[in-house]
Amino acid sequence: MSKTILITGTSSGLGKLTAIHFAKMGWNVAATMRSPEKETELTAYSNIQLFRLDVTDVEQVQTAVKQAIEAFGTIDVVVNNAGMGAYGALELAEEQAIDWQFAVNVRGPINVIRAVLPHFRANGGGMFINISSYMGVTSAVPLGSLYNMSKFALEGLTEGLYYELKPLNIELRLVEQGGSSGNNFINNVVWSTNPDIQDYDRLTAQMKNLFEQAGGADLDDPQTIVGVISDLATGKSTQFRTLVGDEAHELVRLRQSVPIEEFLETMRKPFM
Ligand SMILES: NC(=O)c1ccc[n+]([C@@H]2O[C@H](COP(=O)([O-])OP(=O)(O)OC[C@H]3O[C@@H](n4cnc5c(N)ncnc54)[C@H](OP(=O)(O)O)[C@@H]3O)[C@@H](O)[C@H]2O)c1
């Protein structure tokens with residue numbers, strides 16, 4: 001019998017590519033997104049079904065999970081992929097942006113995991129693959145504290161859950177990639193700004209410039225990340241954490257090899 005994967009945030013980027021990859025492998029795909037009525041690509045696959053799911057809406061998450069189980073009979077693997085970035089100086093961030101960062105990147109996976117757990121327990125097992133970032137393992141740039149916070153929290157959530165879900169044969173995996181091409185992440189970043197406070201202007205300009213310049217060879221091929229997710233879902237890899245990409249490996253190696261004070265100053269240097 002075909003296996004079934006439920007993926008959040010499949011309207012673009014990694015989520016969409018992952019949905020297509022698993023459909024091509026013959027899996028049933030519950031492709032969830034906030035606005036399924038706008039989707040035109042995934043509808044071409046007979047083994048992909050679309051479900052409306054905003055990860056911040058507990059009721060909608062529960063409904064979508066129920067509908068996916070009804071449609072496919074089961075869910076074997078869940079990919080918590082939906083995410084966004086709130087960047088900028090913490091002092092300048094709108095209250096709403098702070099809450100939204102947590103709501104999407106942390107509360108979202110919590111909502112999905114809690115909705116799927118009764119099914120996984122009844123099935124005698126399952127797997128959650130949580131899409132983190134190298135920003136979940138280390139800081140790397142200025143003005144990313146909220147995004148860092150959200151991915152560090154996702155890492156803590158995942159690690160903490162290990163102890164209660166392992167006895168139930170429910171596996172947890174973390175994918176920690178850097179920037180990749182072919183997604184809307186940078187376009188969707190919410191920047192905090194306040195024209196009355198100029199103390200963060202220089203850093204903000206530097207960071208916006210860095211984001212605008214990011215591209216080409218600096219970015220990872222998203223298919224590499226899809227390949228990692230595929231290996232985890234199929235059991236080819238059993239790694240709890242998978243770092244993806246040269247930049248991620250380099251950063252984490254540095255973070256682990258020098259005292260934190262030295263790491264922070266090294267990362268700050270290009271912005272001085
Ligand atoms: N791109 C990078 O540089 C990078 C690096 C490391 C980690 N990541 C992580 O990789 C994951 C995928 O991002 P991506 O690179 O593929 O960027 P992306 O193209 O912006 O994809 C993000 C997806 O999340 C969805 N989403 C946002 N808020 C949502 C909500 N409340 N409920 C449901 N879905 C929501 C978006 O849907 P809408 O179309 O409805 O907005 C979109 O489908 C994210 O968790 C991100 O944090 C990205």
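Here are some exercises with worked solutions on the structure above, which is a predicted model.

**Exercise 1. Follow the pairing of the strands**

Task: Find out which strands pair with S4, and then trace the pairing outward on each side.

Solution:

Step 1. Start with strand S4, which covers residues 77–80. Strand S1 (residues 4–7) pairs with S4 in the parallel sense, over three bridges. Strand S6 (residues 126–131) also pairs with S4 in the parallel sense, here over four bridges.

Step 2. Pick out the residues that face each other. Val79 of S4 is the bridge partner of Ile7, and Val79 also stands opposite Ile129 in S6.

Step 3. Move outward from S1. Four bridges link S1 to strand S2 (residues 28–33), again in the parallel sense. Ile7 stands opposite Ala31 in S2.

Step 4. Move outward from S6. S6 and S7 run parallel and are joined by six bridges. Here Ile131 stands opposite Val175 in S7.

**Exercise 2. Sort the side chains of three strands**

Task: For S1, S4 and S7, say which residues point to which side, and whether they are buried or exposed.

Solution:

Step 1. Recall a general rule: in a regular strand, side chains alternate between the two faces of the sheet.

Step 2. Take S1. Thr4 and Leu6 lie on one side, Ile5 and Ile7 on the other, and all of them are buried. Both faces of S1 are therefore covered.

Step 3. Take S4. Val77 and Val79 point one way, while Val78 and Asn80 point the other way, and all are buried.

Step 4. Take S7. Ile170, Leu172, Leu174 and Glu176 point one way; Glu171, Arg173, Val175 and Gln177 point the other way. Eight of the eight residues of S7 are buried, so this strand is largely enclosed by the rest of the structure.

**Exercise 3. Explore the largest nonpolar core**

Task: Which residues have the most contacts inside the largest nonpolar core, and which elements give two or more residues to this core?

Solution:

Step 1. The largest nonpolar core has 28 residues, and Val78 and Phe128 have the most contacts inside it.

Step 2. The elements that give it two or more residues are helix H2 (58–72), helix H3 (95–123), helix H4 (145–165) and strand S7 (170–177). H3 gives the most, with seven residues.

Step 3. Look around Phe128, setting aside its neighbours within four places in sequence. Its contacts include Val78, Ile113, Val116, Leu117 and Phe120, as well as Leu165, Ile170 and Leu172.

Step 4. Another core, of 26 residues, lies apart from this one. Among its residues are Ile129, Val228, Ala233 and Val244.

**Exercise 4. Describe the surroundings of the ligand**

Task: How many residues surround the ligand, and how much of its area does the protein bury?

Solution:

Step 1. The ligand is surrounded by 26 residues; Ser11, Ser12, Arg34, Asn81 and Tyr147 are the closest.

Step 2. Check polar backbone atoms beside the ligand. One of Val55 is 3.0 Å from a nitrogen atom of the ligand. One of Gly83 is 3.3 Å from an oxygen atom of the ligand, and one of Asn184 is 2.8 Å from an oxygen atom of the ligand.

Step 3. Now consider the area. Taken alone, the ligand exposes 890 Å², and the protein buries 91% of that.

Step 4. Helix H1 (13–24) and H4 are the elements that give two or more residues to the shell around the ligand.

**Exercise 5. Classify three residues**

Task: Decide whether Asn148, Trp100 and Met272 are buried, partly exposed or exposed.

Solution:

Step 1. Use the cut-offs: buried means under 20% relative accessible area, exposed means over 50%, and partly exposed is in between.

Step 2. Asn148 lies in helix H4. Asn148 counts as buried because its relative accessibility is 9%. Leaving aside neighbours within four places in sequence, Asn148 is in contact with Met135, Thr138, Ser139 and Ala140.

Step 3. Trp100 belongs to helix H3. Its relative accessibility is 34%, so Trp100 counts as partly exposed. Not counting residues up to four places away in sequence, Trp100 touches Arg34, Asp54, Thr56 and Met84.

Step 4. Met272 is in the segment after helix H8 (260–268). Met272 counts as exposed because its relative accessibility is 55%. With neighbours within four places in sequence left aside, Met272 is in contact with Arg202 and Glu265.

Technical notes. Residues are numbered from 1 along each chain as its sequence is written. This is a predicted model: local features need pLDDT of at least 70, side-chain atom pairs count only at pLDDT 80 or more; totals for chains, interfaces and linings use all residues. Side-chain values use heavy atoms; hydrogens and water are left out. A nonpolar core is a set of buried Ala, Val, Leu, Ile, Met, Phe, Trp, Tyr and Cys residues joined through side-chain atoms within 4.5 Å. Buried means under 20% relative accessible area, exposed over 50%, partly exposed in between (1.4 Å probe, protein chains only). Contact means heavy atoms within 4.5 Å. Two strands pair if DSSP finds at least two bridges between them. A residue is near a molecule or strand if one of its heavy atoms lies within 4 Å of it. A polar contact is a pair of N or O atoms within 3.5 Å; within protein, one must be able to donate a hydrogen and the other to accept it, and residues adjacent in sequence count only if both atoms are side-chain atoms. Accessible areas come from the Shrake-Rupley method with a 1.4 Å probe; for residues, only the protein chains shown count as cover.
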